[in-house]
Amino acid sequence: MSCNLLHRQPILRRPDGSGGALPALTLITLFFVVPVVALLLRSVTEPVPGLHNYATLFGDGTYARVFFNTFLVATVVTTVTVIVAFPVAWMLAIMPPALGSIVFGIIILSMWTNLLTRTYAWMVLLQRTGVINRTLMDIGLISQPLPLINNLTGVTIGMVYIMLPFMILPLVGTLRAIDPMTLRAAALCGASPFEAFRRILLPLSLPGIAAGGLMVFVMSLGYFVTPTLLGGTSNMMLAAMIAQMIQSLLNWGLGSAAAFILLVVTMALYALQLRLVGAKRMTGGI
Amino acid sequence: MLLDYDRLGWLRAALLGFTGLVAAFLLLPVVLIVLLSFGSSRWLAFPPPSWTLKWYGELFADPAWLEAALTSARIAAMAALLAVVIGLLASFALVRGQFRGRNVLRGLLLTPMVLPVVVFAIAIYAFFLRIGLGGTTAGFVIAHTVLALPFAIIPITAALEGFDKSIEDAAIVCGASPFEAKLRVTLPAIKIGIFSAAIFAFLASWDEVVVAIFMASPNLQTLPVKIWGSLRQDLSPVIAAASSLLVFLTLSLMIVTALIRRKLSK
């Protein structure tokens with residue numbers, strides 16, 4: 001009898017301490033894993049069992065173009081974001097706190113502002129009669145408005161804007177962790193500033209650049225809102241195509257096959273990132 | 001001396017200038033939207049020909065906007081509460097637990113943050129259609145709790161890792177029950193982490209667009225869905241007015257957060 005009582009411990013207080021994870025595990029299994037797996041099953045069962053949905057996706061030039069667009073935009077956005085973010089993160093890492101907190105404040109304000117608000121602002125800024133085209137024409141740099149919206153240029157500008165904080169903030173952490181003495185030592189040994197940058201500062205910040213860059217790349221691949229609003233219909237990206245297949249065409253088989261491809265690519269890159277930086281370091285960004 | 005602010009020489013001016021430009025780039029759309037919301041031009045000409053409050057008038061004259069905002073606030077509050085409670089329990093297991101597969105579990109619980117939201121959106125949309133939760137508040141709250149959970153777990157586990165467990169053990173030695181020790185010693189010590197978790201989880205739901213577009217029904221619209229619908233029609237300045245209020249809300253949230261964090265860390 002007493003034995004029996006001992007075994008009836010409350011479920012949340014299991015001796016190995018795993019009980020607390022139970023509600024979270026139930027939530028994620030029931031409302032994340034099951035729906036996603038069920039969706040992916042539809043890609044090989046609808047309209048008839050088989051891999052023909054994937055054959056269609058890989059065989060058709062229209063879809064090839066969407067894949068190409070998606071990777072192109074993600075690559076360009078990541079490259080530009082890294083190049084722009086690095087000097088800013090560098091300054092933020094060593095700036096006097098009073099000045100730095102102003103820049104941090106601006107970054108957080110932009111990051112926390114509603115995503116649709118920011119995208120709407122870029123739609124207004126980039127349109128034919130928008131502020132940018134009007135200013136450039138007024139100062140005589142161009143005579144015709146530049147096509148800045150409903151094409152991949154617009155998508156890239158809007159995406160870089162959204163991704164910058166995600167690159168800058170983790171990079172500041174990486175740069176702050178570098179011991180300034182290593183650079184002093186380099187200078188004492190006669191290294192020029194350029195050499196010290198190329199051989200010390202850049203290699204030491206490479207893990208942060210790789211981790212942030214990979215995160216920006218992965219996020220860009222699956223982004224829906226900004227490419228849809230700034231890209232127009234002829235330059236569709238993968239996420240928008242998936243949504244369209246489901247919402248307008250009601251083609252669940254093809255849509256879930258495309259979703260599966262996006263999922264596999266994303267998860268593979270995520271695994272690579274975990275290997276690069278470790279699960280704990282990666283989540284230090286927020 | 002590349003990491004010494006005082007000895008950067010000419011490079012400092014260049015880097016500071018560049019940082020200033022990027023800060024301006026980040027600030028530009030936010031400031032522009034606020035200015036345009038007071039401009040009289042329907043086509044959002046800048047600088048505006050004159051100043052007006054009529055877009056705010058139109059915004060408040062249409063009850064659908066306020067209703068959408070209230071719906072968003074209600075769903076976000078419930079999702080944030082659920083995510084923080086579930087995330088808090090999970091964080092104890094992830095930080096203190098001694099069981100196999102702890103890192104796999106951590107990875108699994110954080111996956112909703114990594115998986116492209118459009119994939120989750122169509123998956124949960126199909127699932128909820130089948131089990132009858134499509135277009136309901138409960139469905140919205142569940143889906144948003146899943147998405148908000150990683151944003152709750154990350155700050156709470158970080159805070160918990162920084163807390164010395166022997167303090168909690170000391171309370172137990174002094175006669176507190178394990179539950180009481182957690183409630184009265186550990187939770188107050190990690191309150192900044194819990195507070196950040198609540199803010200992030202709330203924002204994750206409040207700003208969520210993609211799941212909301214799929215889940216929304218004519219009677220249940222969140223604010224992002226309402227903005228999305230208007231954006232697809234035209235770039236009306238009424239959206240600028242709504243957006244400016246959102247910017248104002250963000251700013252107040254930032255200030256309140258900074259104040260509370262300062263107060264909590266005392």
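**Exercise 1. Helix H6 of chain A against helix H1 of chain B**

Task: In this predicted model, how are H6(A) and H1(B) oriented to each other, and which residues make the contact?

Solution:
- Step 1. Locate the helices. H6 of chain A covers residues 115-126, and H1 of chain B covers residues 10-37.
- Step 2. Take the geometry. The two pack at an angle of about 80°, with their axes 9 Å apart.
- Step 3. Classify the angle. Values of 65 to 115 degrees count as roughly perpendicular. H6(A) and H1(B) are therefore roughly perpendicular to each other.
- Step 4. List the residues. H6(A) contributes Thr117(A), Tyr120(A), Ala121(A), Trp122(A), Val124(A) and Leu125(A). H1(B) contributes Phe25(B), Leu28(B), Pro29(B), Leu32(B), Ile33(B) and Leu36(B).
- Step 5. Sort them. Eleven are nonpolar, one is polar and none is charged.

**Exercise 2. A helix pair inside chain B**

Task: Are H9(B) and H12(B) roughly parallel or antiparallel?

Solution:
- Step 1. Find the pair. H9 of chain B spans residues 191-206, and H12 of chain B spans residues 237-264.
- Step 2. Take the angle. It is about 170°, and the axes lie 10 Å apart.
- Step 3. Apply the cut-off. Angles over 145 degrees count as roughly antiparallel. H9(B) and H12(B) are therefore roughly antiparallel.
- Step 4. Look at the contact. On H9(B), the residues include Phe195(B), Ile199(B) and Trp206(B). On H12(B), they include Leu249(B), Thr257(B) and Arg261(B).
- Step 5. Sort the residues of this contact. Ten are nonpolar, two polar and two charged.

**Exercise 3. Helix H11 of chain B**

Task: How many residues of H11(B) are buried, and what covers them?

Solution:
- Step 1. Count. Eight of the eleven residues in H11(B), residues 223-233, are buried, so this helix is largely enclosed by the rest of the structure.
- Step 2. Name them. They are Leu223(B), Pro224(B), Val225(B), Lys226(B), Ile227(B), Trp228(B), Ser230(B) and Leu231(B).
- Step 3. Find the cover. From chain A, it includes H6 and H11 (225-231). From chain B, it includes H3 (63-96), H9, H10 (210-215) and H12.

**Exercise 4. Ser205 of chain A**

Task: Is Ser205(A) buried or exposed?

Solution:
- Step 1. Place the residue. Ser205(A) sits in helix H10 of chain A, residues 193-221.
- Step 2. Check the area. Buried means under 20% relative accessible area. Ser205(A) has 0%, so it is buried.
- Step 3. List its contacts, leaving aside neighbours within four places in sequence. They are Phe86(A), Leu171(A), Thr174(A), Leu175(A) and Ile178(A).

**Exercise 5. Chain A as a whole**

Task: What elements make up chain A, and how spread out is the chain?

Solution:
- Step 1. Count the elements. Chain A has 14 helices and zero strands.
- Step 2. Compare the radius of gyration. The value is 24 Å, well over the 19 Å that the globule rule gives for 286 residues, so chain A is more spread out than a compact globule.
- Step 3. Add the box. The C-alpha atoms fill roughly 80 × 55 × 30 Å along the principal axes.
- Step 4. Check burial. Of the 286 residues, 51% count as buried.

**Exercise 6. Confidence in chain A**

Task: Where does pLDDT stay under 50 in chain A?

Solution:
- Step 1. Start with the average. Chain A averages a pLDDT of 87, and 91% of its residues score at least 70.
- Step 2. Compare elements. H1(A), residues 2-7, has the lowest mean at 42, while H2(A), residues 22-45, has the highest at 95.
- Step 3. Find the weak stretches. Residues 1-9 stay under 50, with one contact beyond four places in sequence. Residues 280-286 also stay under 50, with ten such contacts.
- Step 4. Read with care. Where pLDDT is low, predicted coordinates should not be read in detail.

Conventions
Residues are numbered from 1 along each chain as its sequence is written. Chains are lettered from A and ligands numbered from 1 in the order in which they are written. This is a predicted model: local features need pLDDT of at least 70, side-chain atom pairs count only at pLDDT 80 or more; totals for chains, interfaces and linings use all residues. Side-chain values use heavy atoms; hydrogens and water are left out. pLDDT is the predictor's confidence in each residue, from 0 to 100. Helices (H or I, at least four residues) and strands (E, at least two) are DSSP runs, numbered from the N terminus. Contact means heavy atoms within 4.5 Å. Axes are lines fitted to C-alpha atoms, for helices over the stretch in contact, and angles run from 0 to 180 degrees between N-to-C directions. Angles under 35 degrees count as roughly parallel, over 145 as roughly antiparallel, 65 to 115 as roughly perpendicular and the rest as oblique. Ala, Val, Leu, Ile, Met, Phe, Trp, Tyr, Cys and Pro count as nonpolar, Asp, Glu, Lys and Arg as charged, and the others, Gly among them, as polar. The radius of gyration is taken over C-alpha atoms; the globule rule is 2.2 Å times the number of residues to the power 0.38. Buried means under 20% relative accessible area, exposed over 50%, partly exposed in between (1.4 Å probe, protein chains only).
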